[in-house]
Amino acid sequence: MARPVQYNEKVKTVEIPDGYSGEGFFATSFDKAIGLARKNSIWPLPFATSCCGIEFMATMASTYDMSRFGSERMAFTPRQCDLLMVMGTISKKMGPVLRQVYLQMAEPRWVMAVGACASSGGVFDTYSVLQGIDQVIPVDVYVPGCPPRPEAIIDGFMRIQELVGQESLRRRNSDKYKELLNSYGIQ
């Protein structure tokens with residue numbers, strides 16, 4: 001009789017960073033170790049205003065389970081999060097609120113615009129809708145779709161993980177990064 005429980009034989013483990021290994025030790029650079037830890041422990045802050053938020057709920061549910069990728073804990077306070085996921089239509093009145101939430105997040109922080117409305121205003125080309133959140137805050141990854149499927153949201157999250165894993169510890173202190181923030185009026 002076959003066992004009723006099937007085990008996943010295709011388990012993928014995290015690749016170790018470049019370094020030197022020997023009998024009982026492994027040595028690598030500090031940047032790579034920190035990047036590996038950050039990459040696999042991202043705490044997202046969902047900022048959902050419309051239908052993309054429903055797709056995000058499906059992404060966090062058991063069928064897609066985004067917690068497999070290290071985002072087990074959803075936090076609804078910006079001071080504990082490092083990924084701002086903006087989903088849905090953002091009105092021009094909501095722009096300063098979104099910016100305030102972004103500023104309350106600690107460095108390093110990343111932003112993902114989920115869906116057509118957050119990326120470009122979507123079908124709402126009106127006076128009251130912000131035509132993309134990149135007019136208010138810098139965006140790292142754009143996820144297309146109206147609304148995007150959970151697979152697309154997970155793909156966007158994995159692209160954020162790639163950015164986080166490859167980012168140097170000194171990037172946030174670079175002149176280029178400070179110039180980017182100054183272009184948004186952020187000191």
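**Figure 1. R159 and D155 meet in a salt bridge in this predicted model.** At 43% relative accessibility, R159 counts as partly exposed. Its partner D155 is likewise partly exposed, with a relative accessible area of 36%. Both values lie between the limits of 20% for buried and 50% for exposed, so neither residue falls into the buried or the exposed class. The bridge between the two side chains has an N to O distance of 3.2 Å. D155 and R159 both belong to helix α5 and are four residues apart, which is about one turn of the helix.

**Figure 2. E151 and R149 form another salt bridge.** The closest N and O atoms of this pair are 3.4 Å apart. E151 counts as partly exposed, at 40% relative accessibility. R149 is also partly exposed, with a relative accessible area of 48%. That value is under the limit of 50%, above which a residue would be called exposed, and therefore R149 stays in the partly exposed class. In the whole model the count of salt bridges comes to three.

**Figure 3. R109 has two charged-group partners in view, E107 and the ring of Y102.** R109 forms a salt bridge with E107, and the closest N and O atoms are 3.5 Å apart. The charged end of R109 also sits over the ring of Y102, 4.2 Å from the centre of that ring. R109 is buried, with a relative accessible area of 7%. E107, on the other side of the bridge, is partly exposed, with a relative accessible area of 38%. The two ends of this salt bridge therefore fall into separate classes, buried for R109 and partly exposed for E107.

**Figure 4. R73 sits over the ring of W43.** The charged end of R73 is 4.4 Å from the centre of the W43 ring. Pairs between two aromatic rings are another matter: the count for the model comes to zero.

**Figure 5. Four cysteines are listed by UniProt as a binding site.** The residues in this unreviewed entry are C51, C52, C117 and C146. They are spread over 96 residues of sequence, yet they cluster in space, with a largest C-alpha distance of 9.9 Å. C117 is found in helix α4, which covers residues 116-120. C146 is placed in the loop between strand β6 (141-143) and helix α5 (150-166).

**Figure 6. C117 and C146 are compared by their exposure.** Which of the two is buried, and which is exposed? C117 is buried, with a relative accessible area of 8%. C146 is exposed, with a relative accessible area of 57%. The cut-offs are under 20% for buried and over 50% for exposed, so the two cysteines belong to opposite classes. Leaving aside residues up to four places away in sequence, C117 touches G88, T89, G122, F124, L130 and G132.

**Figure 7. T59 is shown with the residues it touches.** T59 is located in helix α2, at residues 51-60. Its relative accessible area is 0%, and T59 is therefore classed as buried. What does T59 touch, beyond residues up to four places away in sequence? The contacts are Y64, D65, M66, P150, I153 and I154.

**Figure 8. The annotated domain covers residues 51-159.** UniProt, in an unreviewed entry, places the feature "domain: NADH:ubiquinone oxidoreductase-like 20kDa subunit" at these residues. The C-alpha atoms at the two ends of the span lie 22 Å apart. Helix makes up 32% of the span and strand 12%.

**Figure 9. The whole protein chain gives the setting for the close-up views.** The protein chain has six helices and six strands. Read along the sequence, these follow the pattern β-β-α-β-α-β-α-β-α-β-α-α. The C-alpha trace spans about 65 × 55 × 25 Å along its principal axes. Of the 187 residues, 37% count as buried. Among contacts with a separation of 6 or more, 74% are between residues 24 or more positions apart. The protein chain exposes about 11400 Å², and carbon and sulfur atoms supply 55% of that area.

How values were computed:
Residues numbered from 1 in each chain as written. Predicted model: local features only at pLDDT ≥ 70, side-chain atom pairs only at ≥ 80, totals over all residues. Heavy atoms only, no water. UniProt positions renumbered as here; feature names shortened; annotations may be inferred. Buried < 20%, exposed > 50% of the residue type's maximum accessible area, 1.4 Å probe, protein only. Contact = heavy atoms within 4.5 Å. Phe/Tyr/Trp six-rings, centres within 6.5 Å; stacked < 30°, edge-to-face > 60°. Lys NZ or Arg CZ within 6 Å of the ring centre and 35° of its normal. Salt bridge = Lys/Arg side-chain N within 4 Å of Asp/Glu carboxyl O. Areas by Shrake-Rupley, 256 points an atom, 1.4 Å probe, with all protein chains shown as cover.
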